[in-house]
Amino acid sequence: MAFKDLRNSLIISYDDGFINDEEFVLLYDLYSSKDLDFPYDAYAPFDLEELDGAECVAEFRFRKRDVRALADVLRVPDTITCEQGSVCTGIEGLCMLLRRMSYPCRHGDMIPRFAKPVPMLSMITNQMLDFIYNVHGHKVLNWNHDLLSPANLQMYVDTITARGAPLDNCFGFIDGTIRAIARPEQHQRILYNGHKRVHALKFQSIALPNGLIGNLYGPVEGRKHDAGMLVDSGLLHDLEQFAFNPAGQPLCVYGDPAYPLRVHLQGPFKHGVLTPQMEEYNAAMSAVRSSVEWLFGDVVHSFKFNDFKKNLKLFLNCVGKMYVVSVILRNAVTCLYGNLTSTYFDLPPPRLDDYFAQVLEEAGFSDLSIVNISVQYLSET
């Protein structure tokens, strides 16, 4: 029963004399929602086909025809059922999440679009967030053997070298990003980043020349140094095991001076007096390495909720999970429309269905139907 119906029942019971004044005040306050009682029944049900194309891009970051394609590759189930029994279609649930992430908004602001009460909007959005993270998070959180295969790594090396990089075995660029959050009530010192002077979570990413974030690690506490985050991530072990071209020659990622030098991890010349050749090398690598910052900007630009730190509250929102899902969705946007990085290196990203093709194998689901797994997961949550 909804809060509004329950409060109406309490009023009727009070009028009929079944409860006294004290009981009425206590129960009415107990069953009062903290959210404003918006008249969601006054709006028409959500219908993707009735949306204008420009509205769809502005609110969901995808064109109308591509929203359904995204739902297909994400294996979104046909229906989503909340714990209290509310039901909506999978397309509607995906659009709710995209609308929530695309720009800082309250759930109440989404009522005119989806014609559902605030608690239901919140539950469906959280379930879709959990679903994408649990089913597709491995695409960026683990070593992606499809995207980072030896043949593809060599293609990335050739592309970066052709753009003027003097390092002839670099396939990507590594860096950390700081995502500011609201000041927490606990663990403030751990989460405070003295360099940026904000409370934050940090993530480590590998940017590829095709415009995708190929690997992501995080979140970690805001005060963590990039070198410490590198050790915790286990990325060096993955690089030592998988970062080779088809001929077996080692390949590397390029980072800033904060990272240590290894066979599979290179950086600029530092310390002491630099020769003109060293300075020229640093400048040339810095020019191509700037693409990693472009990708960080793409994630926040497309899903601006990650940049609204006043509402990014630990223990209230899944702040870290939101950013990981935003990276997955941003990679989907790049697969469909490209971005500045892929244009700069003149290397198109993979097709959307190719990027999400190996969900079953990489997630370890063997021969089971991903649709059945999706329905089972949502029913269990």
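This dialogue walks through cysteines, aromatic rings, charges over rings and a helix pair in a predicted model.

Visitor: How many disulfides does the structure hold?

Guide: A disulfide is a covalent bond between the sulfur atoms of two cysteines. In this predicted model the structure holds 0 disulfides. Cys 105, for instance, is in no disulfide, and the nearest cysteine sulfur, that of Cys 95, is 13 Å away. Cys 105 is also buried, with a relative accessible area of 9%.

Visitor: Why is the sulfur of Cys 252 not in a bond with that of Cys 170?

Guide: The two sulfurs are 5.0 Å apart, which is too far for a bond, because a disulfide requires the pair of sulfur atoms to lie within 2.5 Å. Cys 170 holds the closest cysteine sulfur to that of Cys 252, and Cys 252 itself is buried, at a relative accessible area of 0%.

Visitor: Turning to the aromatic rings, how many aromatic pairs are there?

Guide: The count comes to 9 aromatic pairs. One of them joins Phe 46 and Phe 60 in an edge-to-face arrangement, with 6.3 Å from centre to centre and 75 degrees between the planes. Phe 46 lies in the loop between helix H2 (21-30) and helix H3 (53-60), whereas Phe 60 belongs to helix H3, so the pair ties together parts that are 14 residues apart in sequence. Phe 46 is buried at a relative accessible area of 14%, and Phe 60 is buried as well, at 0%.

Visitor: Which arrangement do Tyr 355 and Phe 356 form?

Guide: Tyr 355 and Phe 356 form an edge-to-face pair, 4.9 Å centre to centre with 85 degrees between the planes, and both residues are buried. The ring of Tyr 355 also has the charged end of Lys 139 sitting over it, 5.3 Å from the ring centre.

Visitor: Which residues do ring pairs link into a cluster?

Guide: The cluster consists of Phe 173, Trp 294, Tyr 344 and Phe 345, linked by ring pairs. Over the ring of Tyr 344 sits the charged end of Arg 163, 3.9 Å from the ring centre.

Visitor: At what angle do the axes of helix H5 and helix H7 cross?

Guide: Two packed helices are described by the angle between their axes and the distance between the axes. Here the axes of helix H5 (residues 90-102) and helix H7 (residues 118-136) cross at roughly 95 degrees and come within 9 Å, and H5 and H7 are therefore roughly perpendicular to each other. The residues making the contact include Gly 93, Leu 94 and Arg 100 of H5, together with Leu 121, Met 128 and Ile 132 of H7.

How values were computed: Residues are numbered from 1 along each chain as its sequence is written. This is a predicted model: local features need pLDDT of at least 70, side-chain atom pairs count only at pLDDT 80 or more; totals for chains, interfaces and linings use all residues. Side-chain values use heavy atoms; hydrogens and water are left out. Buried means under 20% relative accessible area, exposed over 50%, partly exposed in between (1.4 Å probe, protein chains only). Rings of Phe, Tyr and Trp (its six-membered ring) pair if their centres lie within 6.5 Å; planes under 30 degrees apart count as stacked, over 60 as edge-to-face and the rest as tilted. Helices (H or I, at least four residues) and strands (E, at least two) are DSSP runs, numbered from the N terminus. A charge sits over a ring if NZ of Lys or CZ of Arg is within 6 Å of the ring centre and within 35 degrees of the ring normal. Axes are lines fitted to C-alpha atoms, for helices over the stretch in contact, and angles run from 0 to 180 degrees between N-to-C directions. Angles under 35 degrees count as roughly parallel, over 145 as roughly antiparallel, 65 to 115 as roughly perpendicular and the rest as oblique. Contact means heavy atoms within 4.5 Å.
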